[in-house]
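Me: I would like to go through this model term by term. Please set each value against its definition before concluding.

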Amino acid sequence: MNLETFTFDVDSDGLAVASFDVPGRSMNTLTAKAIADITAITKEVATNDAIKGLVVTSGKSSGFCAGADLGEMNESAGGGKAASEMSEDELLKAAFERGFSLNKTLRELETCGKPVACALNGLALGGGLEVALACHYRVAANDNPKIQFGLPEAKIGLLPGAGGTQRLPRLIGIMEASQYILEGKPMKAEKAAELGVVNELAPTAELVDRAKAWLKANPEAKAPWDQKGFRFPGGVPNQHPGATQIATMGNAMISAKTYGNYPAQVNILKCIYEGSQVPIDAALRIETRYFINTQQRPEAKGMIRSLFLSMQELSKGASRPAGPAKYELKKVAVLGAGLMGAGIAHVQAMAGIETVLLDVDQANAEKGKAYSKRILDKQVSRGKMTQEKADGILSLITPSTDYSLIKGADLVVEAVFEDTELKAKVTKMAEEHLADTAVMGSNTSTLPITGLAEASIRPENYIGIHFFSPVERMGLVEIILGDKTTEETLAKTIDYVLKIRKTPIVVNDFRGFYTSRCFGTYTQEGMEMVLEGIKPAIIENVGRQAGMPMGPLEVSDSVGLDTALKIGRQMAKAAGMDANENPASQFLAWLVEDKGRVGRKAGKGYYEYGEDGKPTRLWPDLSEKIDLKIEECPPELKEELTKRFLFRQCIEVARCFEEGVITDARDADIGSILAWGFAPYTGGCCSYMDLKWGIADFVKEADRLADAYGERFRPNAMLKEMAEKGETFYSRFPPAQKEKAAA
Ligand code: NAD
C-alpha cells in the first residue's frame, strides 16, 4: 500500500493499526489523499486473510482529526471540472458514480467484514467524528482535558455529509443527536461516554491496547444498525414514529432561532427525519443528496469562505506586509482608562503584555484596572481560571497618572475623549517618552487619522487602532492607515492585534472609516421606515429576522439619538443644506429636544427602559408626531423591508470600495460580520452581493429600490461596471495573500 497520510502496521496477532498522520500539518484533516488512504486501508483489511481486525488512531498529539479539509473541498470533485462550477445534479451524479465522498468510503470500512475500533487520543470533529462513528467501537482518552467531539458543520452552513446525520441518531437517539447536529455544539469525553458516542474511556497510553483487546473479544463485530432487529434508541424498529413529532418541533425551534435564514439547519432536520425511515444504505444516499444541496447554497459558500477560511487566514496575519520582521511587543501604554481604555488594558494583560494604564487622576486609572479585576474574578469563581493565574494577569496592569512610565513601551493606544485637541495634547505628552521605533495608535471612532497624525512628531508611526465595545468580547480591530503611515507601522500594528488575539482588517482614512460609516446606514434606513409610517414593532422584527443582532431602532437608542441628530446636522451642513428642512433631522430634533428621548442612556428613546437598562417596550406615543399607518406586515412587505436593510448597507460598502476606503473583499466581509453583525448567514456584505445575487442582478434590484425609495439605493458607477464585466467583489478586490513576517 502506498499511504501518505497514515502509517499501517500489523502485529503478530493479525491486528492492524492505522495511524492518521498528515505530513507537515499540526492537526489531521481529511484531505482527498487521506480519504483515498482510508479506502486503500479498508480494501487491505477486507481482503487480507491474515488481518483479523483494525484499530484506527492518530499519530498526532493534537488529537485525531479536525474534519474535512475545507480549503480543498471545492476542488475535490475531480473529473477536470471544479466542484464550484458544477450544478447540483452534476455533483450528485459525480458523488454517486465516482464515490468521491467520504460517505461511501466509510460505509465500506463499516462493512469490511472485520471488526474496527477507533482509539481517540484527542479531538474528533466533523468528518473526524464521522470516521470514528463508522468504526464498531470507540475508546477515548480520559486524561486529555482538551478532548472534544462534535459535528460543527451547521455553524458554517454545512451538513455533516459522511454519515453523521444517520449514525449519530442511530447511536444516541434522534432527539439528542438532532440537538448536537443542529447547533454544532461539541461534547467532552465524559458526556460522549454518557451518551454512548464513545464506548469506553481510558488513559491515552492504553488506548490502542484497549482497542485491540476489544477486537480480540469481538471478531464478528458489526454496526448495531447492520444487525437484525435493530432499534433506534427510544426503542422503535427502524422506522421511528416519534420522528415526525421531532421534525415538527425541530422546525419550530429552528425558525424561532434563525428565522429560516440558515438552509443547512432546515436540510439537517429533513435529512435526519427522512433517513430515520429507511435502512442505513438508503439513509446515507439521502444524506449525500442533502449534503450537496446544502453545499451548493450561497449561504454555505459565503459562510465557509468568511466564517471559516477568511477568519483563519486573517488571524494568521494574511494581511500583514511581508517585509518587516516580526515585532515582539512586551510593553504597551494605554492613554485614558475609560470604557475602552480599561477593556484594551484587560485584553493586553490577558496576552501577557506589560500594560501602563494612564488617566488624568489616579482614581480613574485604578477604576480602569478594577474593570479587569471584575472580569478575572468572574472567571475564577466559575472555575475557568486559578486565582494565581488571575493575580498574575492583573499584576501586569499598572494604573497611573505619570506619563514618564511610557518609557520603553513598544506601542501606545490613545483612548481619551473624542476630542481632536485633547488627542493632540496627549500624543505630544506620550511621544516625549517614546522610542523612535514605537507605534502611536488612536482608538478614535470618527476622527480622520491623517488629521490626528499632524500632532505627532512621527506621523509615519501613527495609525488608527479601532476597537469595538465591549473590547473583551468583540473580535475585530479595524486598523486605519493615515496618509503617512508606513508599511512597517502597519506590520507592527498587525503583530500587536494578533498578539491580543483579535482579528485585524485594514482600511484607509475616512470619517467613520469603514465600519461606522456602513453600519450607520442600517439605523438610518430604520428611521426612514418610521418616517414612512411603518409601525416600529414591524421595523424591529424585520431587522432581526434579516439576521441583524438588534432592530435598528434599538441600535439607534444605544448609540444615542442626540448623536444621530448631531451627525445628521453636520452632514446636512457639509452638503450645503438646511438641516431644519430635512424631515429626518426635524423628527430627531422633536424626539431629542422636545421630548428628551435621547436613547438608552436617558432611559427613553424609541424604547422605554427599565432600571437595569434593558428595553421594556416601544414608546407608544410616537404616533403624536407620525401617522403610523402601516400596522401589518404581509410577506411581501417583509421581503421588501429585508431587502432595503441589506441593500442599503451593501451599497454603502460598494461606495467605500469605489472611494478606496476599503480595498479587500475579505476584510470587507469579515468587518461587516464582526463589527456590526451583518447577517452572518450571507458570509458578509460582499458575499451577499456576489453569491446571493450576482452583481448584475444586484444592480438591477438596487435600481428598482432607488426608483421606489430614493437615490440612497442607486448603485454606483463601479457596481455598474462590475455588472457589465461580469466581475465579483472577490475577483475585483481579491484578498491580500501576503506572507507572514520572515522571523
Ligand atoms: P470614556 O469617556 O469612557 O473614557 C475616556 C477617558 O479618558 C476618561 O477616563 C478620561 O478621564 C480620560 N482622559 C481624559 N483626558 C486624559 C488625559 N489627558 N490623559 C489620560 N486620560 C485622559 O471614553 P471611551 O468610550 O472609552 O472612548 C475613548 C475613545 O475611544 C474615544 O476616542 C472614542 O471615540 C473611542 N471609541 C469608543 C467606543 C465606545 O463604544 N465607547 C468604541 C470605539 C472607539
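Me: What makes you say that helix 14 lies across strands, and which strands are they?

Reply: Helix 14 lies across strand 12 (331-335), strand 13, strand 14 and strand 15 (411-414). Residues count as in contact if their C-beta atoms, placed from the backbone, lie within 7 Å. The helix runs at about 170° to strand 13. Axes here are lines fitted to C-alpha atoms, for helices over the stretch in contact, and angles run from 0 to 180 degrees between N-to-C directions. Helices (H or I, at least four residues) and strands (E, at least two) are DSSP runs, numbered from the N terminus. This is a predicted model, in which local features need pLDDT of at least 70, side-chain atom pairs count only at pLDDT 80 or more, and totals for chains, interfaces and linings use all residues. Residues are numbered from 1 along each chain as its sequence is written.

Me: Which strands does helix 15 lie across, and at what angle does it run to strand 14?

Reply: Helix 15 (residues 362-381) lies across strand 13 and strand 14. Its angle to strand 14 is about 155°.

Me: How do you know that strand 13 and strand 14 pair?

Reply: Two strands pair if DSSP finds at least two bridges between them. Strand 13 (residues 354-358) and strand 14 are joined by four bridges and run parallel, so the criterion of at least two is met. One partnership is Leu358 with Ser400 in strand 14.

Me: What is the order of the eight-strand sheet, and what makes a strand an edge strand there?

Reply: The order is 14-13-12-15-16-17-18-19, in an open sheet with mixed pairing. Strand 14 (397-400) and strand 19 are the edge strands, as each pairs on one side only. Neighbouring strands are turned by 25° against each other on average, direction ignored.

Me: Which strands make up the open sheet of six, and what is its twist?

Reply: The order is 1-2-3-5-7-9, and the pairing is mixed. Strand 1 and strand 9 (200-202) are at the edges, each pairing on one side only. The twist averages 20° from one strand to the next. Helix 9 (residues 207-217) lies across strand 2, strand 3 (53-58), strand 5 (116-120), strand 7 (137-141) and strand 9, and runs at about 160° to strand 3.

Me: What makes strand 1 and strand 2 a pair, and what lies between them?

Reply: Strand 1 (residues 6-10) and strand 2 (residues 15-20) are antiparallel over five bridges. Phe6 stands opposite Phe20, and Val10 has Ala16 as its bridge partner. The two strands form a hairpin with four residues between them, and Gly14 in the turn has a positive phi of about 80°.

Me: Why are helix 22 and helix 23 called roughly perpendicular?

Reply: Helix 22 (residues 552-559) and helix 23 (residues 561-574) pack at about 90°, with axes 5 Å apart. Angles under 35 degrees count as roughly parallel, over 145 as roughly antiparallel, 65 to 115 as roughly perpendicular and the rest as oblique. The two helices are therefore roughly perpendicular to each other. Ser556, Asp557 and Val559 in helix 22 meet Leu561, Thr563 and Ala564 in helix 23. These contact residues divide into three nonpolar, two polar and one charged. Ala, Val, Leu, Ile, Met, Phe, Trp, Tyr, Cys and Pro count as nonpolar, Asp, Glu, Lys and Arg as charged, and the others, Gly among them, as polar.

Me: Which residues come nearest to the ligand, and what does the shell consist of?

Reply: Of the 23 residues around the ligand, Gly336, Gly338, Met340, Ser445 and Ser469 come nearest. A residue is near a molecule or strand if its C-beta atom, placed from the backbone, lies within 6 Å of it. Helix 14 (339-350) and helix 17 (420-431) are the elements that give two or more residues to this shell. Helix 14 gives the most, with three residues. The shell divides into 13 nonpolar, eight polar and two charged.

Me: What is the peptide bond from Ser469 to Pro470, and where does Pro470 lie?

Reply: The bond is cis, with omega near -5°. Pro470 lies in the loop between strand 17 (462-466) and strand 18 (476-481).

How values were computed:
Contact = placed C-beta atoms within 7 Å.
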